[in-house]
Amino acid sequence: MAKLLRIHRLGFTLVESVIALAIFCSIIFATSLGVKNYQARVDEKQSMQQFKNVFKNTLDEAFLTKRDYNVALKKEEHSALFKSNDTDSYKVLVKFPDTVNYIQSNSTIQIRRNGLIKPQTIRFHSDLTNINYVYVVQMNWGEIIDKT
């Protein structure tokens with residue numbers, strides 16, 4: 001009878017295995033949420049940087065090609081369309097993440113063929129990071145300044 005009481009355990013019980021699996025799954029789940037949030041923040045920063053770069057390139061393009069250009073900011077589509085008034089040869093669409101909203105209603109910014117532009121402020125708001133992205137367009141050469 002003494003031999004029956006001396007049973008050696010060589011493995012985990014079912015309850016121990018389930019608890020270990022639950023801990024492991026919760027760690028993986030928490031990590032994946034952090035990575036997803038990080039990726040969304042990176043996408044937001046990249047789209048805002050792309051907007052600034054394309055805006056500057058459009059100013060240069062207007063001056064060099066002596067053509068008028070428009071920047072159509074569309075609130076519902078979360079996008080900015082840069083295009084030439086004369087032809088469709090220059091057309092760039094900057095798509096913002098759904099978390100970034102253009103604060104004003106839809107508007108069009110005109111860039112003149114000599115690169116001149118009237119001064120204005122362009123505002124975006126991020127629902128993800130709660131950051132207001134503010135870009136000030138200076139008079140004449142239209143240099144875009146990030147006031148974020």
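This report walks through the nonpolar core, the sheet around strand 1 and the aromatic pairs of a predicted model.

**The core**

Let's start inside. The largest nonpolar core counts 25 residues, and the ones with the most contacts within it are Phe-51, Phe-55, Leu-73, Phe-82, Ile-122 and Phe-124. Quite a few elements chip in with two or more residues: helix 2 (14–65), plus strand 1 (69–74), strand 2 (79–84), strand 4 (100–102), strand 5 (107–111), strand 6 (120–126) and strand 7 (132–137). Helix 2 gives the most, with 6 residues. As general background, nonpolar side chains tend to be buried together in soluble globular proteins.

Phe-124 is a handy residue to click on if you want to see who meets whom. Skipping its neighbours within four places in sequence, Phe-124 is in contact with Met-48, Phe-51, Leu-73, Phe-96, Val-100, Asn-101, Tyr-102, Ile-103, Ile-131, Asn-132, Tyr-133 and Tyr-135. Phe-124 is buried, at 1% relative accessibility.

**Strand 1 and its sheet**

Why is strand 1 described as largely enclosed by the rest of the structure? It has 6 residues and 5 of them are buried, so the description follows from that count.

Strand 1 has partners on both flanks of the sheet order. The open sheet has 4 strands in the order 3-2-1-5, with antiparallel pairing. Strand 3 (91–95) and strand 5 are the edge strands, each pairing on one side only. From one strand to the next, the twist averages 15°. In general terms, the strands of a sheet pair through backbone hydrogen bonds, in a parallel or an antiparallel way.

Now the pairings themselves. Strand 1 and strand 2 run antiparallel and are joined by 6 bridges. In that pairing, Lys-74 of strand 1 faces Ser-79, standing opposite it in strand 2. The two strands make a hairpin with 4 residues between them, and His-78 in the turn has a positive phi of about 55°. With strand 5, strand 1 pairs over 5 bridges, again in the antiparallel sense. Here Ala-72 stands opposite Thr-108, and Val-71 stands opposite Ile-109.

**Along helix 2**

Helix 2 holds residues in quite distinct settings. Take Ser-47, which has its place in this helix. Is Ser-47 buried or exposed? Its relative accessible area is 4%, and since buried means under 20%, Ser-47 counts as buried. Leaving out residues up to four places away in sequence, Ser-47 touches Val-94, Lys-95, Phe-96 and Pro-97.

Asn-57 is found in helix 2 too. Asn-57 has 44% relative accessibility and counts as partly exposed. How far apart in space are Asn-57 and Ile-19, C-alpha to C-alpha? The two sit 57 Å apart, with a sequence separation of 38 residues.

**Aromatic rings**

A pair of rings is described by the distance of the centres and the angle of the planes. The model has 10 aromatic pairs, and two of them are set out here.

| Ring pair | Centre to centre | Angle of planes | Geometry |
|---|---|---|---|
| Phe-51 and Phe-55 | 6.1 Å | 50° | tilted |
| Phe-96 and Phe-124 | 4.9 Å | 50° | tilted |

Why do Phe-51 and Phe-55 count as a tilted pair? Planes under 30 degrees apart would be stacked and over 60 edge-to-face, so an angle of 50° leaves this pair as tilted. Both residues lie in helix 2, 4 residues apart, about one turn of the helix. Phe-51 is buried at 0% relative accessibility, and Phe-55 is buried at 0% as well.

The pair of Phe-96 and Phe-124 links distant parts of the chain: Phe-96 lies in the loop between strand 3 and strand 4, whereas Phe-124 lies in strand 6, 28 residues apart. Phe-96 is buried, with a relative accessible area of 4%.

Ring pairs also tie things together on a wider scale. A cluster linked by them takes in Phe-51, Phe-55, Phe-82, Phe-96, Tyr-102, Phe-124 and Tyr-135. Among those rings, Phe-51, Phe-55, Phe-82 and Phe-124 also appear in the list of core residues with the most contacts.

One last ring to look at is Phe-63. The charged end of Lys-66 sits over the ring of Phe-63, 4.4 Å from the ring's centre.

Key. Residues are numbered from 1 along each chain as its sequence is written. This is a predicted model: local features need pLDDT of at least 70, side-chain atom pairs count only at pLDDT 80 or more; totals for chains, interfaces and linings use all residues. Side-chain values use heavy atoms; hydrogens and water are left out. A nonpolar core is a set of buried Ala, Val, Leu, Ile, Met, Phe, Trp, Tyr and Cys residues joined through side-chain atoms within 4.5 Å. Buried means under 20% relative accessible area, exposed over 50%, partly exposed in between (1.4 Å probe, protein chains only). Contact means heavy atoms within 4.5 Å. Two strands pair if DSSP finds at least two bridges between them. Axes are lines fitted to C-alpha atoms, for helices over the stretch in contact, and angles run from 0 to 180 degrees between N-to-C directions. Rings of Phe, Tyr and Trp (its six-membered ring) pair if their centres lie within 6.5 Å; planes under 30 degrees apart count as stacked, over 60 as edge-to-face and the rest as tilted. A charge sits over a ring if NZ of Lys or CZ of Arg is within 6 Å of the ring centre and within 35 degrees of the ring normal.
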